[in-house]
Amino acid sequence: MVTWRGIVAVIVTILFVTPVFASADRVLVPAIVYVPEEYHSGGAYTAIQAGPDGIVYVGTTIYNGYGHLLAYWPRTGRFESLAEMSAATGERMPGPASQAKVHTKPVIAPDGRVYFGTKSGGRSKDPSWQRYPGGHLLVYDPRTRTTTDLGIPRPGTPGMSIIAVGLDRVRGNVYVLSDPDSHLIVYDPRTRTFADHGRLGPEGEHPTRYLVVLANGDVFHQFGPNAMARYNAAAGRIERLPLVIVGTGTYEPPYALAVAPDGRRFFGVGKENGQVYLYEPREREVGLRMLGAAVPEGYTTPGVHYTMTAAPDGAVYYTGFLPGGGGRDLFILRVWPDQGRPQVVGRVATLPPPPAGYSRATTRELIIQGSTATPDGSLVVMQAYPLRLLIFRGLAARQ
């Protein structure tokens, strides 16, 4: 049976704050699109990103086999496999140590190339993990319709997967975050070389799937309950910066993060408490503004808040799966960078079961894995087990 898994959060209580309550009367009815079954075994993990041309890139999982990088065209409803990981990496040994997952949120360079990485389908404590040769960094070029394997960033490190990638748009370098040891590795496309800059997350804690890269190329990742790690792109080194908290609330180190539209700040949301934080990096510290939690009337926390994405209207959207109303419901929530507390956009209508004949794994629990926003302002939320896209057309369009 498929169960929801995540990192156990460390919670530091500062002061109690009353959540921002809002009405749950607005019901959002998404268009539902199923990812073709031949490309997955039921799940996907954060790997969804819309390009400037409206194409949505999706990474999938096939346990004991090889995942895919897919393209989805919202206007026509067409899916296409751009790369199958056995062919892309040259590996031909399916099983627990195969390149089962395209786990990373794809990153799209200014020239349209799409960077992504692979991950094992095993668990780090499983002996089979140690047979995994390592995650590959790959790039798909839509101009030539080819995928190039850029290599294993840390060859000779048993069990190393890639959980997140990022892009330094100033220098053109690609960032790789390794799992389970949280090393930040920089790939230079000009020299085709990797450089390991060390640990970006605390030892013994798995990294998150969200790698924050600001407009200046600096990288941020949570480092325990009271600090952030920063890779200083100009200096080429990792620094640990204390958090300086402004406001009241309960700080739970977030899992989901998203860069603000200005490229200088970023947001996070507590996975269970739903508190939203605005991070403001400075030279020797990171300011953290407590913005409160958007909790609809009749609902409460703890819930599950697992994904965030910036949108064309200038807001950052995130999801909340909250108890109340006799069960649990999915909500779309948002926060504006300079307008204070977060808001409830609406409650997602009850989702139907998969159509007759759907053969992939499903679960009773609603599992939300990733989100993105298209240039026309459609919010796309990815659900696993069953693997389908929930498309809220025009919800985040520029006004």
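**Notebook: salt bridges, sheets and the largest pocket**

I looked up E80 first and found that E80 forms a salt bridge with R145, with 2.3 Å between the closest N and O atoms. The model I am reading is a predicted one. I then noted where the two partners sit: E80 belongs to strand 8 (residues 78-84), while R145 lies in the loop between strand 12 (137-141) and strand 13 (146-151). The pair thus links distant parts of the chain, 65 residues apart.

I checked the accessibility of both partners. E80 has a relative accessible area of 18% and is therefore buried, the cut-off for buried being under 20%. R145 is at 52% relative accessibility, so I entered R145 as exposed, since exposed means over 50%.

**Entry: other salt bridges**

I searched the whole structure and recorded 19 salt bridges. Side chains of opposite charge can pair when their charged atoms come close.

Which residues did I find around E239? The side chain of E239 meets that of R230 in a salt bridge, at 2.8 Å from N to O. E239 also meets R237 in a salt bridge, at 3.0 Å from N to O.

Are R230 and E239 buried or exposed? R230 is at 8% relative accessibility and therefore counts as buried. E239 has a relative accessible area of 14%, so E239 is buried as well. R237, at 47% relative accessibility, I listed as partly exposed, because that class lies between the buried and exposed cut-offs of 20% and 50%.

I also noted a network of salt bridges that links D111, R113, D141 and R143.

**Entry: the sheet that holds strand 8**

I returned to strand 8 to see its neighbours. Four strands form an open sheet in the order 5-6-7-8, with antiparallel pairing. Strand 5 and strand 8 are the edge strands, each pairing on one side only. I recorded an average twist of 20 degrees from one strand to the next.

Strand 8 pairs with strand 7 (residues 68-73) in the antiparallel sense, over six bridges. Within this pair, L70 stands opposite S81 of strand 8.

**Entry: the sheet that holds strand 4 and strand 31**

I looked up a further open sheet, in which four strands follow the order 4-33-32-31 with antiparallel pairing. Strand 4 (31-34) and strand 31 each have a single partner strand, so one side of each is left without a neighbour in the sheet. Ignoring direction, I noted that neighbouring strands of this sheet are turned by 25 degrees against each other on average.

At the strand 4 edge, I found four bridges to strand 33 (residues 388-392), in the antiparallel sense. The bridge partner of A31 in strand 33 is I391.

**Entry: strand 25 and its two hairpins**

How many residues of strand 25 (residues 275-281) are buried? I recorded six of its seven residues as buried, and the strand as mostly covered.

On the side of strand 24 (residues 266-269), I found four bridges to strand 25, and the two strands run antiparallel. G268 has Y277 of strand 25 as its bridge partner. The two strands form a hairpin with five residues between them. I looked at the backbone of the turn and noted a positive phi of about 70 degrees at G274.

Strand 25 also pairs with strand 26 (residues 286-296), again in the antiparallel sense, over seven bridges. Here the bridge partner of Y277 is M290 in strand 26. Strand 25 and strand 26 form a hairpin with four residues between them. I marked Y277 as a point shared by both pairings, with G268 as one bridge partner and M290 as another.

**Entry: the largest pocket**

I closed with the largest pocket, which has a volume of about 1100 Å³. Its lining comprises 37 residues, and Q49, K105, R169, V259 and A310 are the closest to its centre.

Which strands supply at least two residues of the lining? I listed strand 5 (48-50), strand 10 (107-108), strand 14 (161-167), strand 18 (212-213), strand 23 (256-259), strand 27 (308-310) and strand 31 (367-373). Strand 14 gives the largest share, four residues. Strand 5 also stands at an edge of the sheet 5-6-7-8, and strand 31 at an edge of the sheet 4-33-32-31.

By class, I counted 26 nonpolar, seven polar and four charged residues in the lining.

Technical notes: Residues numbered from 1 in each chain as written. Predicted model: local features only at pLDDT ≥ 70, side-chain atom pairs only at ≥ 80, totals over all residues. Heavy atoms only, no water. 1 Å grid on protein atoms, 1.4 Å probe; cavity = no way out; pocket = protein on both sides within 12 Å on 5 of 7 lines; lining within 4 Å. Points joined across faces, edges and corners; volume = space filled by probe spheres on them. Nonpolar A, V, L, I, M, F, W, Y, C, P; charged D, E, K, R; others polar. Buried < 20%, exposed > 50% of the residue type's maximum accessible area, 1.4 Å probe, protein only. Pairing = 2+ DSSP bridges. Salt bridge = Lys/Arg side-chain N within 4 Å of Asp/Glu carboxyl O. Axes fitted to C-alpha atoms, helices over the stretch in contact; angles between N-to-C directions.
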